[in-house]
Amino acid sequence: MIYFQSLTQSELAQLLLPLSGIQKTGGLTPEEIQVKSEKRARYRAKQLFHWVYQRGQTDWDQMTDLSKDLRQWLKENIAIFRLTPQLNQQALDGTHKFLWSLGDSKTIESVIIPAALQSAVDLAEDLEEEKKVPAGPHAVGSRGIYSGKATQDDLKSTNWKRLTACISSQVGCAMACKFCLTGIQGLDRHLGVHEIVTQVYELRRLAPITNIVFMGMGEPLHNFENVVKACLILLDQDGLGFSKRKVTISTSGLVPAIEELGRRVDVSLAISLNASHDEQRSKIMPVNRKWNLESLMKACREYPLGSHRRITFEYVLLKDINDSLEDAARVYDLLRGIPSKVNLIPFNEHPGSDFKRPSDENVQKFQKYLVDRKVTATIRISKGRDILAACGQLRSIFGTARGTEKHRDWQAQQA
Ligand code: SAH
Ligand code: SF4
């Protein structure tokens, strides 16, 4: 069985080609027959993308405009992958977290983050393009209505401007960033294309998702081929139909993969900068020992952004580690000449780590330093703290993480 969600539209058309031959061939050359068959296969692939991704149909038999033979072939050869939520929690701020169990009893998580308008910059960006919600079973015409169980008036109203799906790309992560709970767990395995796409597919059945960020578990560029293919499917206008601006890949800085990404697919880029100089960054992000800040910034400068687009730099603020005004000054220097915006994330404390979150006052000072120098810098309020929505945390408690010594100790303490 092949999973439907692992196929791009053109791959599906290829699979359908042998059964898309035309009956009446009289007078046609073999080349003409081939061209007609290919056209038919492409048409069928498009029909199937519409049925599955836009109309949400999961039963081949209900796809009434397909021939009986085709439906039978689909039943025998292609399965629509589904993810079942093992756990589904909503925080007071509306953040909705899902823990999915995969076929092999591993677990991953996705989060829906409703966002109200955060700044004038967001507004300007939203106005630049059509504010459309991509088509989907629960999305059509429903902007502003969140079909999940809202716990806040704000969420029920039209105040939110975005409903972002934060999705995972791996079970665990190999990058071992010191502050990150997923990093402490180590890598278990890569996710398949269908497992990445289906997170969005399932969330879209629940709510009119407008944006996707690869900021859940895992380093997306370490699972490069699967992530690129998943993006192509997410961007397919006959499929989930997201625009390139609304799909963001966040990376800890795998430089050659950033370069390759720019050549392969047109999506937005976020860099987890998290430090202002090499020594500091190498201490908390081992990936920096392989690709230092100079090479990372060079890759950012060369990333094909297109007009009006910027790279997001995420900066987790760790008390007394990277939160001084000297750090802010160095960040300012690093970003010179790169169309950028900075997302300051006060560290979300967790029992597996000794790092501390800086005071709100210090966070604001750091922001002010950048804003005073005309750098767009927003503070990301840690959404969903009451349900441990930071990277990796839900799974660590309920999941089946392989776990390192440190992580196991921590789990033992919790028991
Ligand atoms: N691996 C990718 C994407 C997943 S991590 C990456 O590193 O970019 C998503 C974001 O969560 C990263 O910017 C990371 O720095 C941040 N993060 C990880 N642990 C955190 C914590 N405990 N508190 C706040 N942010 C955290
Ligand atoms: Fe992996 Fe990102 Fe966590 Fe680093 S911050 S360990 S790259 S998930």
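Let me start with helix α13, whose buried residues pack against two helices and two strands, namely α12, which covers residues 293-302, β12 at 311-317, β13 at 340-346 and α14 at 360-372. Please keep in mind throughout that what we are looking at is a predicted model.

Which residues of α13 are buried? In this helix, which spans residues 325-335, they are A328, V331, L334 and L335. When we look down the axis of α13, these buried residues fall within an arc of 120°, and therefore they line one face of the helix. The general background here is that an α-helix has 3.6 residues a turn, so residues three or four places apart point the same way. If we turn to the other side of α13, we find L325, E326 and D333, which are exposed. After the helix comes G337, and the phi of this glycine is positive, near 85°.

Let me now step back to the chain as a whole. The protein chain contains 16 helices and 14 strands, and of its 415 residues, 44% count as buried. If we take the contacts between residues at least 6 apart in sequence, 72% of them join residues that are at least 24 apart.

Finally, I would like to turn to ligand 2. How many residues surround ligand 2, and which are the closest? There are 12 of them, and the closest are C173, M175, C177, C180 and G183. Sorted by class, the shell around ligand 2 is made up of six nonpolar residues, five polar residues and one charged residue.

Methods: Residues numbered from 1 in each chain as written. Chains lettered and ligands numbered in written order. Predicted model: local features only at pLDDT ≥ 70, side-chain atom pairs only at ≥ 80, totals over all residues. Near = placed C-beta within 6 Å. Nonpolar A, V, L, I, M, F, W, Y, C, P; charged D, E, K, R; others polar. Helix = DSSP H or I, 4+ residues; strand = E, 2+ residues; numbered from the N terminus. Buried ≥ 20, exposed ≤ 12 C-beta atoms within 10 Å, placed from the backbone. Contact = placed C-beta atoms within 7 Å. Arc of directions from axis to C-beta.
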